[in-house]
Amino acid sequence: MSIKGTAILRERNQKKVLEYLRKNKMCSRLEISKGLNVSKNTVSLIIDQLIKQGIVVERGSKERKGAGRPSVELSIVPGSFHSIGIYVQSDRIEIMVVDYSITIIEHDEVFIDQEDSLLETVIDCCIKTVNRYKNVIGIGIGVPGLVNPSKGIVHHSTNLNWKDVSLKEKIEQKVDEEVSVFNSVKVAALPAIEDNDEDLHSIFYIRISEGIGGAFIINNKIYLGASRTAGEIGHISVEADGPKCKCGQNGCLERLISLNAFKEAVSASESKAVNSNIGELLHDDSSEYVKKLVKNYGCYLGKAISQVIHLMNPQLVIVDSPYNNVPIFEATTMEVVKENSLELPLEQTIINFVDEVYSPAKGAAISIILNFEN
Ligand SMILES: [Zn+2]
């Protein structure tokens, strides 16, 4: 093998070791060697170098079963690497800094005044955050809309009113770190991988917020599709005679049950503006109108999930939604059971409503770590 080839192989093995340590928290050289099927000698050389660089530390020893010397436990030094995730919304920017073990170091929000330029504020947030941390491995930006991650261009974002914005290029002109741009729903699905059993080979993630999006996760990777739009469940039509969606169809899931649709419906019925804290509207003694509305949302959601189950047959469907109460869970499940004429695919699928909404900022930071390891 050429010198260049050897260097690439060493770097690849080093990243595999880091990934193994990140996932297993504490382990010995021997465990890493067995787990990765890499020689103990190679692992030891890599570990020695990582210790010298202050990235890995020895944490005492553990008695081994049977004979032999006790094995020395290793772990990644907290804060030895930082990954920055930023979620851009029209009215606020969410910033999340995690270390290599995906421990949250900083979580902050910057609100946008109407006079501020959103793009300038995003750049400013990047500059200030990078200046606060050492060993930054990259900045991930989650944006609602159509994104080209390989070029870092936001082609179209209705929410942000952006068209063909070269976000990566514009930030990298001001910041000395690599910037990656992602669709916010796709990266929001990444914490779902971290939270769930790695043995799950297929997860369909649905995010309901101002819009509705989804991501299909196969073997811990997000399947993007030919034009990176796979999983767009928001534009599945669930009511043929329903209201017209901005995409041109009638009765799209997004048009019917997104947070925007909810706010619109509640404002019209209760003749008052609905703020962003809709949790207040969904408590036990919420109005009959809201109760009925949310129950209907469950029926629509159930119809869309049925189509996903028929088409993809995932092991787990995760619903990340602001409507988290018992009536919507029940209505969704009942509708899925009713719609599934084929019983077999449903038997192996679990539908799970998450307690706390996943953060696209955290997902963007995780994405940087995963890219670093690959
Ligand atoms: Zn639509």
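In this predicted model, strand 3 and strand 6 run parallel and are joined by six bridges. One of the pairs to look for here is Tyr87 with Gly142, its bridge partner in strand 6. Strand 6 also pairs with strand 10: these two run parallel as well, with five bridges between them. Among the partners on that side, Ile139 is matched with Val179 of strand 10, and Gly140 with Ser180 of strand 10.

Zooming out, these strands belong to an open sheet of five, laid out in the order 5-4-3-6-10, and the pairing across the sheet is mixed. Strand 5 (104–111) and strand 10 (179–183) sit at the edges; each has a single partner strand, so one side of each goes without a neighbour in the sheet. From one strand to the next, the twist averages 20 degrees. Strand 6, which covers residues 136–143, lies between strand 3 and strand 10 in the strand order. How much of strand 6 is buried? Seven of its eight residues are, so to call strand 6 mostly covered is fair, taking buried to mean 20 or more other C-beta atoms within 10 Å of a residue's own.

A helix lies over this part of the fold, too. Helix 13, made up of residues 360–373, lies across strand 3 (82–88), strand 4 (92–99), strand 6 and strand 10. Relative to strand 3, helix 13 runs at about 140 degrees.

Elsewhere in the chain numbering, a pair of helices is worth a look. Two packed helices are described by the angle between their axes and the distance between the axes. For helix 2 (residues 29–36) and helix 3 (residues 40–52), that angle is about 125 degrees, and the axes are 9 Å apart. Why do helix 2 and helix 3 count as oblique to each other? Angles over 145 degrees would be roughly antiparallel and those from 65 to 115 roughly perpendicular, so an angle of about 125 degrees leaves helix 2 and helix 3 oblique. The crossing of helix 2 past helix 3 is right-handed.

As for who touches whom, helix 2 brings Arg29, Leu30, Ile32 and Ser33 to the contact, where they meet Lys40, Val43, Ser44 and Ile47 of helix 3. Sorted by class, the contact between helix 2 and helix 3 comes out as four nonpolar, two polar and two charged residues.

Technical notes: Residues numbered from 1 in each chain as written. Predicted model: local features only at pLDDT ≥ 70, side-chain atom pairs only at ≥ 80, totals over all residues. Pairing = 2+ DSSP bridges. Helix = DSSP H or I, 4+ residues; strand = E, 2+ residues; numbered from the N terminus. Axes fitted to C-alpha atoms, helices over the stretch in contact; angles between N-to-C directions. Contact = placed C-beta atoms within 7 Å. Left-handed = near helix turned anticlockwise from the far one by under 90°. Nonpolar A, V, L, I, M, F, W, Y, C, P; charged D, E, K, R; others polar. Buried ≥ 20, exposed ≤ 12 C-beta atoms within 10 Å, placed from the backbone.
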